[in-house]
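Visitor: I would like to go through this model term by term, asking each time what justifies the word.
Guide: Then let us look at it together.

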Amino acid sequence: MLSRVAENVYWLSRYLERIQNTARMINVHDRLLMDLPDVHPHDAWMPLISISGLNTQYLEHFTRANETNVTSFLIADTRNPGSLVNASVAIKNNLRSSRDIFPKVLYQKISSLVRYIRQETEQEIKKANRRDFLDTIERQLLEISGAVHASLRHDQAYRFMRMASYLERADMTSRVLDTPSTLLSTDQQQSGILPFENRDWAAALKAVSAMQMYRRHVRQPVSATGCLNFLLNDDQLPAACCFCLLRLDRCLENFKHNDVARTEVKQLMEYLASADITHLASDASARHNYLDQFQLGLINVGNAIATTYFPPVQEPA
Amino acid sequence: MPNSRWSKYKSPCYDELFTEQNTPRHAAAALTAWLDTLDNDTLAKRRLAAELAIRQMGITFTVYSDKGNIDREWPLDIIPRVIDANEWRTVERGLKQRVRALNRFIDDLYNDQAILNDGIVPRDLIETSANFLPECVGMKPPHNVWAHICGSDLVRDTDGTLYVLEDNLRVPSGVSYMIENREIMKRCLPEVFSQCQVLPVDSYTSNLRRMLASLSDVANPMLCVLTPGEYNSAYFEHAFLAQEIGAELVQGRDLVVKDDKLYMRDVDGLIKVDVVYRRVDDAFIDPDCFNKDSTLGVPGLMRAWRAGNVAIANAPGAGVADDKVVYSYVPDIIEYYLNEKPELASVPTYRCNDPDVRDYVISNLDTLVVKPANESGGYGMLIGPQSTPEEQAQMRQHILDNPRNYIAQPTLSISTSPTITDASGTDNREHDALTFAARHVDLRPFILQGEQMAVTTGGLTRVALVPGSLVVNSSQGGGSKDTWVVDNGTMDSQQQRYDTGEHGLGADGQSTDLNASQTNRSDSLNQQQSNKQE
């Protein structure tokens with residue numbers, strides 16, 4: 001496939017994954033806060049901005065976090081490069097340049113998602129409608145993902161889409177794991193029955209759609225250790241970093257000129273395997289540094305893919 | 001039919017669906033009767049369904065504006081335009097004849113120039129044409145064909161005669177909309193097709209693919225569609241066609257010429273391209289040769305083409321025959337090369353480079369249509385009867401400044417076809433809101449010529465949505481209609497196959513009709529195989 005189109009398809013897929021992550025994250029967080037009535041609005045809503053890595057951009061425009069500002073910044077604010085609205089514009093542009101690659105049914109599903117987000121955000125999304133709005137987006141994304149698997153040939157275009165999703169998803173998981181360190185508990189504080197039984201770690205699991213799988217597979221109460229171990233090292237959970245890297249590498253195997261990118265993936269896998277989970281579970285700043293390094297590793301993998309396969313001059317996506 | 005929807009329908013000129021006595025034409029009878037059974041609510045729902053389908057399918061065209069380029073949804077009027085299959089056979093034959101002659105003409109101009117030496121077409125006319133490319137002299141493209149894809153504009157005058165208005169031999173667009181229009185009609189009027197014997201239109205893309213492949217010696221050639229980019233007005237079509245024919249949709253920056261061969265930048269490395277269906281104008285296809293600043297083309301493409309390492313459709317330089325002055329010579333060109341009488345009429349054309357004719361044109365600007373020789377999309381025209389004295393004075397000056405660049409034609413009374421309009425009812429009753437009104441239409445069929453020839457079944461009907469307007473271009477507020485070639489069994493069954501038994505430029509003397517070979521699959525396969533062996 002053409003290098004230019006590979007790049008379009010790659011970014012299209014990253015933005016789809018980003019929309020899915022953002023929508024799910026807001027939904028989960030919203031529900032979490034309903035059970036924490038006493039938390040100050042700033043402390044309650046700022047974590048969403050931190051997880052999204054948007055502290056600087058957000059604080060340029062707002063001094064404090066609250067529900068209205070944070071949700072509208074994440075959903076409809078054109079000043080936020082990662083807002084649902086901006087991500088959908090990026091998807092639209094990339095879809096346009098790669099239109100011929102996609103089966104018509106898939107093209108239609110993606111463009112109706114773009115249209116839905118644009119239409120709904122023309123007015124402010126009220127709290128009462130927010131859940132519906134985000135649920136609809138999540139459902140449309142599931143349909144798109146189904147159509148990608150079922151209607152696209154599992155060829156290079158498909159693999160670029162997969163690789164982009166894996167990178168975006170691993171990044172999201174690592175960010176979600178980083179928040180409890182800024183806010184709430186570590187394992188050391190646990191004793192007896194906690195009032196909120198590690199609600200924050202449970203929220204982390206829910207934010208990446210892994211809560212049920214944790215219960216089924218880990219079969220222990222939610223804990224920092226269990227959660228870190230599951231979301232970093234599980235090789236069968238779609239949201240787990242290890243899973244994402246394994247699958248990413250499997251995609252890369254099929255490409256020529258893949259040595260640089262595969263070396264980066266390999267190093268990152270080793271870095272994952274070397275994690276001292278117990279230590280990370282008890283030391284928030286160690287955890288933060290560890291995850292920060294991991295995220296840089298993901299950037300390196302992305303750069304290796306881009307320099308190997310995409311056209312030399314980066315275009316605005 | 002006292003309650004008929006059609007009782008009030010009236011056309012000021014020839015109408016495609018109704019006779020002067022306001023009875024339906026034979027081929028349109030089933031359609032108009034069926035439409036009469038729909039109440040206004042149903043009709044409104046069908047129209048809405050079509051709009052939704054167009055939005056959902058993403059069928060758009062792009063309009064240039066001050067605010068940037070805007071995607072507009074493709075405008076389709078759901079009342080089809082109907083053509084009798086008997087008539088269409090004649091038209092199809094005439095179109096093939098025309099394109100065959102034009103290709104002989106282009107090939108002659110770039111090689112022997114016999115037609116100039118014999119004084120049929122003035123040498124001066126060709127040598128002053130901006131579209132005559134010296135870089136193409138001496139080229140022998142495959143099958144001696146230059147214009148592989150031609151979109152001719154046809155209009156019908158008061159007496160029912162179909163005229164060829166122009167031959168678009170450069171990068172004609174619209175065929176994707178023809179195909180999608182049918183797709184939408186199937187969705188929103190599903191029950192009417194079985195009653196009306198409408199011939200299908202979807203063989204175009206497989207014919208296009210076969211035609212393009214016939215330009216290369218490679219067994220399974222790599223095809224690509226070269227687009228100026230995603231902001232071009234016809235980008236939808238470029239993507240559509242690439243998808244339909246299994247070609248890569250490429251932009252100039254995706255391609256590179258090395259050792260006089262054309263490659264595309266693939267994630268696996270460079271991959272050789274055998275055939276380019278380019279939708280970029282001559283002037284922009286190769287900055288080494290033509291417009292130096294072009295970023296739409298590929299440096300070295302002309303070299304690769306001249307070396308015979310890549311086929312380009314349409315071939316560079318084919319536009320020399322797509323000139324409104326050359327147009328006026330087409331009847332002579334047909335007689336000269338084919339020794340046949342033209343089967344399709346051309347509009348009488350006044351060439352302003354002749355002083356006497358020029359004087360006539362200038363003193364009759366209020367009744368004539370004046371066109372620049374080299375513009376498309378309806379730009380730069382003067383429609384005399386609808387123009388102001390200021391516009392006429394301006395055109396007069398243009399003609400005097402550059403007489404070679406202008407031609408004039410009598411204003412035809414272009415035919416109409418019924419079109420749904422929102423009548424502003426005096427009593428605001430919802431179900432009185434939709435009526436059928438006569439709107440002017442033209443027709444753009446597409447003619448393919450490679451090793452074989454094929455013509456679309458019908459073509460793209462464009463309709464001027466503004467009452468009385470003759471401008472059908474979608475960029476200027478025109479709409480479109482599905483075009484039905486209806487075969488309702490009145491002709492001799494022997495003639496029902498689309499086999500005109502003609503011979504094109506193929507040296508083998510076989511039937512050159514792509515559609516004919518499709519009517520019988522086993523024949524088609526045999527023929528393909530025998531062609532490959534030759």
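Visitor: What does I305(A) touch, not counting residues up to four places away in sequence?
Guide: I305(A) touches F160(A), M163(A), L167(A), L248(A), L252(A), A261(A) and F310(A), where a contact means heavy atoms within 4.5 Å. This is a predicted model, in which local features need pLDDT (the predictor's confidence in each residue, from 0 to 100) of at least 70 and side-chain atom pairs count only at pLDDT 80 or more, whereas totals for chains, interfaces and linings use all residues. Residues are numbered from 1 along each chain as its sequence is written, chains are lettered from A in the order in which they are written, and side-chain values use heavy atoms, with hydrogens and water left out.

Visitor: Which residues touch the most other members of the largest nonpolar core?
Guide: Of its 191 residues, I137(A), F160(A), I305(A) and F105(B) do; such a core is a set of buried Ala, Val, Leu, Ile, Met, Phe, Trp, Tyr and Cys residues joined through side-chain atoms within 4.5 Å. Its largest share, 13 residues, comes from helix α1 (residues 3–34) of chain A.

Visitor: Why is α12(A) described as largely enclosed by the rest of the structure?
Guide: Nine of the 12 residues of α12(A) are buried, so the description follows; buried means under 20% relative accessible area, exposed over 50%, and partly exposed in between, with a 1.4 Å probe and protein chains only. Among the buried residues are L248(A) and L252(A). Helices are DSSP runs of H or I with at least four residues, numbered from the N terminus.

Visitor: What makes the contact between E67(A) and K127(A) a salt bridge?
Guide: The term requires a side-chain nitrogen of Lys or Arg within 4 Å of a carboxyl oxygen of Asp or Glu, and the side chains of E67(A) and K127(A) meet at 2.7 Å, N to O, so the pair qualifies. The pair links distant parts of the chain, 60 residues apart, with E67(A) in helix α4 and K127(A) in helix α7 of chain A. E67(A) has a relative accessible area of 22% and is therefore partly exposed, and K127(A), at 45%, also counts as partly exposed.

Visitor: Is D171(A), which meets R175(A) in a salt bridge, buried or partly exposed?
Guide: At 14% relative accessibility D171(A) counts as buried, whereas R175(A), at 24%, counts as partly exposed. Their side chains meet at 2.9 Å, N to O.

Notes. Helices (H or I, at least four residues) and strands (E, at least two) are DSSP runs, numbered from the N terminus.
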